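Morning, everyone. I have a few minutes and one structure to show you. Let's put it on the screen.

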Amino acid sequence: MEELLEVTKTLINVSAMIAIIGVSFSVMLLLYRAIKGPSSPDRAVALDVIGINIMALAGIIAILLVSTQFNDVILLIGILLFIGTIALAKFLEKGVIIERDMD
Amino acid sequence: MLLAVLLPFIIAIFIPFLSRWKHHLHTGFFVTAVPVVIFIYFIRFIGPGFEPVGREYSWIPSLDMNILLYLDGLSLLFVLLISGIGSLVAFYSIYYLHKSEQLGHFYVYFLLFMGSMLGVVLSDNVFVLYTFWEFTSLSSFLLIGFWNYREGSRYGALKSMLITVFGGLSLLGGLVFMSVITGTASIQEIMSQQELILNHEYFPLILGLVLLGAFTKSAQFPFHIWLPDAMEAPTPVSAYLHSATMVKAGIFLVARFFPMLSVSEWFFITVSTVGIFTLCWGSYMAVRQTDLKAILAFSTISQLGMIMAMLGFGTELAVFAAAFHILNHATFKGSLFMVAGIVDHETGSRDIRRLGGLMTFLPITATLALVASFSMAGLPLPFLNGFYSKELFFQSVYELDLSVAGITALLQSIFPYLAVFGSIFTFVYSMYFFFGTFRGKGDIEELPKKPHEAPVGMLISPLILVAGVIVIGLIPDLINEPFVEHAASAIGGTEIAKDIYFWHGISPAFIMSITVVVFGTILFLVRPKWAGVYRVIPGLLSLNKFYDWLVDRTERYSTFITNSYMNGSLGRYVRLILAAILLVTFSAMSFTGGFTVDTSNLSTITVHEVLIAIVMVIAAFGTIIAKNRIAAILILGVVGYGLAMLFVVYRAPDLALTQLIVETVTVGLFLLVFYHLPKLQKTDEAPVTKTLNVIISVAFGLMMTMVAISAHSSKLFESMSSYFVDNSYKLGGGDNIVNVILVDFRGLDTLFEIAVLGIAAMAIFALIRLREKKKEE
């Protein structure tokens, strides 16, 4: 039983590390797109996906650290990404984020 | 005695109220009473059995600054001059200044000056002395600039202020030195410990500083240039300040410290050389002037040089002659200034080239001028006091001790010739002053006013002074034993008694006097023939030009220096600030050996930390090189999110939450205002500046990294965080330690951070709203 637990722990750690490296690699690739990206929408999408990757990263790190304190962080990133992307999209579309009253 | 010093200040408070009635009664009548009262108070000290009187009033005892008043023979001489001539000048000014002038201002300044001058000569405490000293400079500045709508008045006032305050500050330095060395602020006690100062290594510095103060105030070469420009003041002011009292404050200072300083050989060398040179230069330059008051100004300079030289000689005879001449000069110079004022007042011109032949129009004034100017010239007549002191001067310069060696002996052997040279020119300008104004044929019709004799009130003051000239001339013993001897003894520090005779027999001094008269007459008669010499000396060289150049250059170079770095560019200021921080931190850290690297207390580095760091570094560089502004702000967002991940890794969930929200809101705000911002452009800075920017930023980053590493490597104390961990639940009632610290242990910080946010919000609101309102209007 003890041994099984040890093996499971090692398994989780190793797979978490592999996942972190994979996610980080994807973040770097996305960063290339964000820096290079010929148009602004390219960059906006890149930032959005970077945010999703960061959510994943936070989740994996929470597993690694054996903590439930970071669940708030993951949820918050989700909300903020949504709002941020909407704002960016509106800015790219109309040039402003908050429109004045029409009347 | 304190009341006597403070009386002018007290009355000065009431002058503005009194001057409201100036159309009914001239304010000067009230003012004249003040010096008269003071004069009567002090005149009773005169007598053969005079003893010094000291009074003490506490002011700031903890700093040893008490108002010590000390009345000895020297102070008495000056006090009587100040109050006596002050009375006459105040009376004279009643007739000189018209009621339409700003009499209130004039008499307030006048009384301020009189009170501070009394304070200078009576105070025994060095700090009180200095306070009154600066008061005289200040009130003199105000009096010179009395007609402040004139350009010349303002220029003269500023010049005298700059020069005398320069000297005043150096005097303060000397006084502080003396007071620190001896441990007392009382002049008498400082003098009683003179060995301490004389043997101190800073003695040359003290001597230099005190003499600098005295020379600037007494208009000695080369600091004499302010005095001719101070002639823009109303004539009563010139008569009072710039002949009888203030310019003698420097003489007073040298005389006050004479027993202590004169022991040094350098005192003799400096004071007598400067004095003799000032005598020659002043009298030489006086002949060149065309303005009556300018002649008198240079004459004052030269006579002050003569007194200074006598103090420098330091023999008993010379000290006695100096004390005597202080009195004599005040009498005849005061009356001459008043005469110049009358001429100006009655003819409308002070230019000696336009004046002439006024004797028949102003007979009384002419008589007064005759006696006073002949006394100034030192004509050997038994009723002129100027002759007595001049002869004593010749005698003292002739009888200098020649037994010493070196530079002193050299100076002593040439002094008699210089003295005679200066006196010849004194004779010339005195004759020039009298004959140029009152004799010859003048163009009476051309003058602005038709000349006629002055009103009686105006003539009374010079008449009293000229009467003084004659009385002292006829009966010198009247003032010798009861008065001048006390002054001379007080200066010399020992009993000094000399007899004043008119006739000494054919002595060397008498021969010198005769030489002066003979050569002076010849030079005066052929003056137009040699007047061209002034084109050679001083020619184009002029100390005034040097002064103007200095002031102008100082202003121009300070403007230049300020403009060289204050160019309004924010980039440059940031560069300067960062470079300064870099320099200071680096030098402080290197000199104190602050850079340390200690690897014993490091934690292990994990893979995910490295990965997040790499992402952040790439994003940071990406921000710098981004060409598009949206790209820049988005990539900057990546840095912020990376930081949030670092907080996650280092187990700070609250920080991570806040960082995420703030980062998002910031990006949103940037997007909000981006619409109004210009496109990100290539900065058109010079390559040198760009390189400099790179160097400064890289160096600053490295510097801060080094500081952080050093700070980590030199932890001297245990962190206090264990206290919070132990007590957050026990005392604060919460599990979340960060939040308990924020609102409980250190709640005050939170309060003011909330205040900062509130202020920022209101400021933004105000900025936007007020601008919109302005647009609507």
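Start between the two chains. Between chain B and chain A, the count of residue pairs in polar contact is zero, taking pairs with both residues at pLDDT 80 or more. Keep in mind that this is a predicted model. Salt bridges between chain B and chain A? That count is zero too.

So what does chain B bring to the side that touches chain A? Three helices of chain B each supply at least two residues there: H26 (607-625), H27 (629-649) and H28 (653-674). H28(B) gives the largest share, ten residues. By class, that side of chain B has 26 nonpolar residues, five polar and two charged.

Now the extent. The contact takes 33 residues from chain B and 36 from chain A. Together the two chains bury about 3100 Å², and 87% of that is on carbon and sulfur atoms.

Next topic: aromatic rings. Over all chains, there are 40 aromatic pairs. Take one of them, B:Phe221 with B:Trp281. The ring centres are 5.8 Å apart and the planes are at 70°, so this pair is edge-to-face. B:Phe221 is in the loop between H9 (203-217) and H10 (226-229) of chain B, while B:Trp281 is in helix H14 (residues 265-286) of chain B, so the pair ties together parts 60 residues apart in sequence.

Are these two buried or partly exposed? B:Phe221 is partly exposed, at 23% relative accessibility. B:Trp281 is buried, at 19%.

Last item, a cluster. B:Phe106, B:Tyr107, B:Phe110, B:Phe113, B:Phe146, B:Trp147 and B:Tyr240 form one aromatic cluster. Thanks.

Definitions and conventions: Residues numbered from 1 in each chain as written. Chains lettered and ligands numbered in written order. Predicted model: local features only at pLDDT ≥ 70, side-chain atom pairs only at ≥ 80, totals over all residues. Heavy atoms only, no water. Contact = heavy atoms within 4.5 Å. Buried area = accessible area lost by both parts, 1.4 Å probe. Salt bridge = Lys/Arg side-chain N within 4 Å of Asp/Glu carboxyl O. Polar contact = N/O pair within 3.5 Å; in protein donor to acceptor, adjacent residues only side chain to side chain. Helix = DSSP H or I, 4+ residues; strand = E, 2+ residues; numbered from the N terminus. Nonpolar A, V, L, I, M, F, W, Y, C, P; charged D, E, K, R; others polar. Phe/Tyr/Trp six-rings, centres within 6.5 Å; stacked < 30°, edge-to-face > 60°. Buried < 20%, exposed > 50% of the residue type's maximum accessible area, 1.4 Å probe, protein only.
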